[in-house]
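Student: I am new to this structure. Could you walk me through how its features get their names?
Tutor: Gladly, let us look at it together.

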Amino acid sequence: MKKTSTRLADGRELIYYDAGDDQVRDAVDRRPLDPTVTTSEVRRDPLLGDSVAIASHRQGRTYHPPANECPLCPSSGDRLSEIPESSYDVVVFENRFPSLAGDSGRCEVVCFTSDHDASFKDLTEAQAALVLEAWTDRTAELSHLPSVRQVFCFENRGAEIGVTLGHPHGQIYGYPFTTPRTALMLRSLAAHKEATGGENLFDEVLAREVADGSRVVLSSDHWVAFVPYAAHWPYEVHLYPRRRVPDLLGLDEGARTEFPQVYLELLRRFDRIFGTPDGGEDGAGEPPTPYIAAWHQAPFGPLEEFEGVNRDDFALHLELFTIRRTSGKLKFLAGSESGMNVFINDVPPETAAQRLREVASS
């Protein structure tokens, strides 16, 4: 992998990640951009104890542009985009409309491919491996920023999720705090460790799912994917490396080598849950499955607020889920979910796992 860092016209950082080492990335951003102005502010809710990012400048962000005006495609002639080069493998750049910025953290955009009409599942294993390298490198780099406590790599896919740019891309958030969801995991981890005399809750969850088997979707030498026992979403898969590590930097060579094959297979199965877009042998035609894919990594720095727990106790894992509950119907977060954070799942996890096994690639 070759990494080339440059600057856009308004001063934001842009990094090219190339599979080969012979690429020269010297194109200049020719757009007449003013310096980026953000209004990001993090406010803490005294009752719930969580934080909210106030970012009014995002009201003016790019919204569903036509394909020929996509800001994530390479620049071509007089059509100038966020990427000055005429082609690229993987690109990461600072978000022009960040939710978090400055002392409140950092937000980046990850373009998985220059092909506007592709999806992550369409990448080759070599391309997916390069994205994993970019995620890992950005995790390492952002962890050194004084304003970043936790690094979150994720992809939103589909208009139903709220995606405003159709080009295949994801994001990386550098939060200035430990996120509420991670804090919940760490508290459960600490309580279990104290109650059992040092046993690791993540290890037990993974071992239990492997031993039961009814919710395992697929497994390999280095990875296990399963629908959790208490899944919140109709179709939700958690992907764990068999060897517990706290973050992407801890993955060994075997896990890195296997990841593209395993992850691409999971994404392809997600697109076949409700039927193929062309109405093929898997069922009636359906649009691509909307999903969120989220990497959970340990916060950086000491964890004094979670007594008895350190970073190495946390287990890196990816959570992949869709808001579609059945053909043509979405799972809405209504009163119980949005008002009280109590999820009601219409699909038994064992049924979801069985369906995801049925649509395996031949």
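Tutor: We start with a definition: a residue counts as lining a pocket if it has an atom within 4 Å of a point of that pocket. Keep in mind that this is a predicted model.

Student: Which residues lie nearest the centre of the second largest pocket?
Tutor: They are Arg61, Asn95, Thr164, Leu165 and His169, and 22 residues line this pocket. The space in the second largest pocket is about 520 Å³.

Student: Which strand gives the most to that lining?
Tutor: Strand E8, residues 169-175, with four residues.

Student: What makes up the lining by class?
Tutor: Nine residues are nonpolar, eight are polar and five are charged.

Student: Where does E8 sit in the open sheet?
Tutor: The order of the eleven strands is E1-E2-E5-E6-E8-E7-E12-E13-E11-E10-E9, so E8 stands between E6 and E7, and the pairing is antiparallel.

Student: Why are strand E1 (2-7) and strand E9 (216-219) called edge strands?
Tutor: Each of them pairs on one side only, so they are the edges. From one strand to the next, the twist averages 20 degrees.

Student: How do you know that strand E11 and strand E13 pair?
Tutor: Pairing takes at least two bridges. Five bridges join E11 (residues 235-241) to E13 (residues 317-322), so by that cut-off they pair. In one of the bridges, His238 has Glu319 of E13 as its partner.

Student: What packs on the sheet?
Tutor: Helix H4, residues 253-270, touches several strands, including E7, E11 and E13. The direction of H4 makes about 175 degrees with that of E11.

Definitions and conventions: Residues numbered from 1 in each chain as written. Predicted model: local features only at pLDDT ≥ 70, side-chain atom pairs only at ≥ 80, totals over all residues. Heavy atoms only, no water. 1 Å grid on protein atoms, 1.4 Å probe; cavity = no way out; pocket = protein on both sides within 12 Å on 5 of 7 lines; lining within 4 Å. Points joined across faces, edges and corners; volume = space filled by probe spheres on them. Helix = DSSP H or I, 4+ residues; strand = E, 2+ residues; numbered from the N terminus. Nonpolar A, V, L, I, M, F, W, Y, C, P; charged D, E, K, R; others polar. Axes fitted to C-alpha atoms, helices over the stretch in contact; angles between N-to-C directions. Contact = heavy atoms within 4.5 Å.
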